[in-house]
Amino acid sequence: MITKRIEDELNKQVNAEYWSAYFYLSMSAYCAEIGLAGAANWFRVQYQEEIAHALKFFDYIIERGGKVDLKPIAEVPKEWNGIIHIFEDTQKHEQIVTSLIYHLMDVAIEERDHAAKSFLQWYVDEQVEEESNVQAILDQLRMVEGKGNGLFMIDKDLALRVFVDPTIPK
Ligand code: OFO
């Protein structure tokens, strides 16, 4: 059993993860438009990761006997000002998601829901990886000022990313 408060918070997070998925899919389209096929691939994989994050919450609500409540997904941005801007926005967004996960953890602690705490720990760790992956790409892009041969090489690297479902234990 989960309390109504935890159920509501988990459902909010399902929506936030789908919003993130949409956000990254929009970024993928933008990168394709500006001719960065590698970055378009990277964001498409990021989109798939967010769907996996959402489904993990979805499955957990059901497993704990809660009611899934799928709300509409709010509109996402579709224009950016180049590749550095798009990764800066990604970094900001992942920092916000980390704060949402921390908020959920705070609620689980207040509700004395130890099972939810254990479940949420996976997301706490996942966010460390999410933030550090983006930081590494942003550092490289800033080094080459988002241009020329350097950008060409970074884009080639971003093309290599493949989706591996992070919710399936290795
Ligand atoms: Fe689901 O972590 Fe990114 O947003």
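The numbered points below comment on helices, cores, a pocket and several individual residues in this predicted model.

1. On the second helix. Helix H2 covers residues 37-63, and its length can be checked against its residue count: at 1.5 Å a residue, the 27 residues of H2 should span 39 Å, and because the C-alpha atoms at its two ends lie 39 Å apart, the expectation and the model agree. Just after H2 comes Gly65, where phi is positive at about 80°.

2. On the largest nonpolar core. This core holds 22 residues, and those touching the most other members are Cys31, Phe43, Ile83, Ile86 and Phe87. Two or more residues come from each of helix H1 (4-33), helix H2 (37-63), H3, H4 and H5, with H1 giving the most, namely five residues. Phe43 is a useful residue to display here: leaving aside neighbours within four places in sequence, Phe43 is in contact with Tyr24, Met27, Ser28 and Cys31, and also with Ile86, Phe87 and Thr90. Apart from this core lies another, of 18 residues, which includes Leu10, Tyr60, Val107 and Phe119.

3. On the largest pocket. The space in this pocket comes to about 240 Å³. Its lining is made up of 15 residues, of which Glu49, Glu126, Glu129, Pro166 and Lys170 are the closest to the centre. The elements that give two or more residues to the lining are H2 and H4, and H4 gives the most, with six residues. By residue class, the lining divides into eight charged, six nonpolar and one polar.

4. On Glu7. This residue belongs to helix H1, and with a relative accessible area of 13% Glu7 counts as buried, because that value is under the 20% cut-off. Not counting residues up to four places away in sequence, Glu7 touches Ile2, Gly66 and Lys67. A further link across the sequence is the pair Glu7 and Asp69, which are 62 residues apart along the chain while their C-alpha atoms are 9.1 Å apart in space.

5. On Gln91. Helix H3 contains Gln91, and a relative accessibility of 16% places this residue in the buried class, again because the value is under 20%. When residues up to four places away in sequence are not counted, Gln91 touches Val134, Gln135 and Leu138. Gln91 and Glu130 are separated by 39 residues in sequence, and the distance between them is 8.7 Å, C-alpha to C-alpha.

6. On Arg112. The loop between helix H3 (83-110) and helix H4 (114-143) contains Arg112, whose phi is near 55°, a positive value in a residue other than glycine. Arg112 counts as exposed because its relative accessibility of 66% is over the 50% cut-off.

7. On Glu145. This residue lies in the loop between H4 and helix H5 (148-158), and here too phi is near 55°, positive although the residue is not glycine. With a relative accessible area of 55%, Glu145 is exposed, because that value is over 50%.

8. A question for a reader checking the model: which residues other than glycine, found in loops, have a phi near 55°? Arg112 is one of them, in the loop between H3 and H4, and Glu145, in the loop between H4 and H5, is another.

Notes. Residues numbered from 1 in each chain as written. Predicted model: local features only at pLDDT ≥ 70, side-chain atom pairs only at ≥ 80, totals over all residues. Heavy atoms only, no water. Helix = DSSP H or I, 4+ residues; strand = E, 2+ residues; numbered from the N terminus. Buried < 20%, exposed > 50% of the residue type's maximum accessible area, 1.4 Å probe, protein only. Core = buried A, V, L, I, M, F, W, Y, C linked by side-chain atoms within 4.5 Å. Contact = heavy atoms within 4.5 Å. 1 Å grid on protein atoms, 1.4 Å probe; cavity = no way out; pocket = protein on both sides within 12 Å on 5 of 7 lines; lining within 4 Å. Points joined across faces, edges and corners; volume = space filled by probe spheres on them. Nonpolar A, V, L, I, M, F, W, Y, C, P; charged D, E, K, R; others polar. Expected span 1.5 Å × (residues − 1).
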